[in-house]
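Here is a short guided tour of the structure, written to be read with the model open beside you. We will begin with a pair of aromatic rings and work outwards to the sheets and helices.

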Amino acid sequence: MFNILVVDDDKNTRMFFRALLEGAGYTVTVAENGEAALSAMKSTCVDLVVLDVMMPKMDGYEFTKILRQSNNNLPILMVSARQLPADKHKGFLAGTDDYITKPVDDEEMLFRIKALLRRAKIASERKIKIGEVILDYDSLTVTRGDDVQELPQKEFMLLYTLLSYPGKIFTRIQLMDEIWGADSDTGWETVTVHIGRLRRRFENYPEFSIESVRGLGYKAVKKV
């Protein structure tokens, strides 16, 4: 079971988030500011932090910077009443993984937490499992039972990126920047060619498919 650390100087907010998260099946640890949160983490295993920005003693920005400077990649969801782009930019520059503004939509917050935990699991294991299919980042292989396919690096990275965010639409330009780099001279048509190869490779895999989204790009769809 995942343990989530809620850091907020407002007691009512801490109580509300605790009830919401425990109702969703998480265990919850609470702290009233950044200093208390760092102290709590010394004795408690934490999987994700829900973090207020404006707090006494140590605010959310400082807490995040301290974690990132110590190479701690714990997922952080900043929650703030500050809605200006500059405030969000400051949060992301400090090292937060996501930013949501108050008043919080309960369902949206739970969706964001679930997504952050899934990405953290993928990053730590360097593997994606979908039904019987396993994508292994270190060996560039896709395995399904006795069928083991070692893919060219770009082809594997394209599939890994799409399946890391099932349902998310990626434009060709986004995929070019992600896989080939923003400075690459390769045209976006390369993405289309690689998508075609992946579709042929895995056309008999019932666990997922790669779909075109007219006028936008591509998305991976999980079938299990």
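Y137 has a relative accessible area of 28%, so it counts as partly exposed, a class that lies between 20% and 50%. Its ring partner Y160 is buried, with a relative accessible area of 8%. Please keep in mind that this is a predicted model.

**Aromatic pairs**

The structure holds eight aromatic pairs. Y137 and Y160 form one that is edge-to-face. Y137 sits in the loop between strand 7 (133-136) and strand 8 (141-144), while Y160 belongs to helix 6 (residues 153-164), so the pair ties together parts that are 23 residues apart in sequence. Another edge-to-face pair is made by Y205 and F208, and both of these residues are buried. The geometry of the two pairs is set out here.

| Aromatic pair | Centre to centre | Angle between the planes |
|---|---|---|
| Y137 and Y160 | 5.1 Å | 70 degrees |
| Y205 and F208 | 6.2 Å | 75 degrees |

If you look around Y137 again, you will find a cluster: ring pairs link Y137, F156 and Y160.

**The antiparallel sheet**

F208 also leads us to a sheet, since this residue stands opposite K222 in strand 12. Strand 11 and strand 12 (residues 217-222) run antiparallel and are joined by six bridges. They belong to an open sheet of three strands, with antiparallel pairing and the order 10-12-11. Strand 10 (170-171) and strand 11 (208-213) are its edge strands, each pairing on one side only. Helix 8 (residues 189-201) packs on this sheet and touches strand 11 and strand 12. The direction of helix 8 makes about 150 degrees with that of strand 11.

**The parallel sheet**

Strands of a sheet pair through backbone hydrogen bonds, either parallel or antiparallel. For the parallel kind, turn to the open sheet formed by five strands in the order 2-1-3-4-5. Its edges are strand 2 (27-31) and strand 5 (98-101), each of which pairs on one side only. On average, and with direction ignored, neighbouring strands here are turned by 20 degrees against each other.

Which residue of strand 5 is the bridge partner of M78? The partner is Y99. In all, four bridges pair strand 4 (residues 76-80) with strand 5 in the parallel sense.

Helices accompany this sheet too. Helix 2 (residues 34-41) packs on the sheet, where it touches strand 1 (3-7) and strand 2, and its direction makes about 160 degrees with that of strand 1. Helix 4 (residues 85-94) lies across strand 4 and strand 5, running at about 150 degrees to strand 5.

**A helix crossing**

Two packed helices are described by the angle between their axes and the distance between the axes. For helix 1 (residues 11-23) and helix 5 (residues 106-125), the axes come within 11 Å and cross at roughly 65 degrees. The crossing is right-handed.

What residues make this contact? Helix 1 contributes F16, F17, L20 and L21, and helix 5 contributes D106, M109, L110 and I113. By character, the contact divides into seven nonpolar residues, no polar ones and one charged. The charged residue is D106, because Asp counts as charged.

Key
Residues numbered from 1 in each chain as written. Predicted model: local features only at pLDDT ≥ 70, side-chain atom pairs only at ≥ 80, totals over all residues. Heavy atoms only, no water. Axes fitted to C-alpha atoms, helices over the stretch in contact; angles between N-to-C directions. Helix = DSSP H or I, 4+ residues; strand = E, 2+ residues; numbered from the N terminus. Left-handed = near helix turned anticlockwise from the far one by under 90°. Contact = heavy atoms within 4.5 Å. Pairing = 2+ DSSP bridges. Phe/Tyr/Trp six-rings, centres within 6.5 Å; stacked < 30°, edge-to-face > 60°. Buried < 20%, exposed > 50% of the residue type's maximum accessible area, 1.4 Å probe, protein only.
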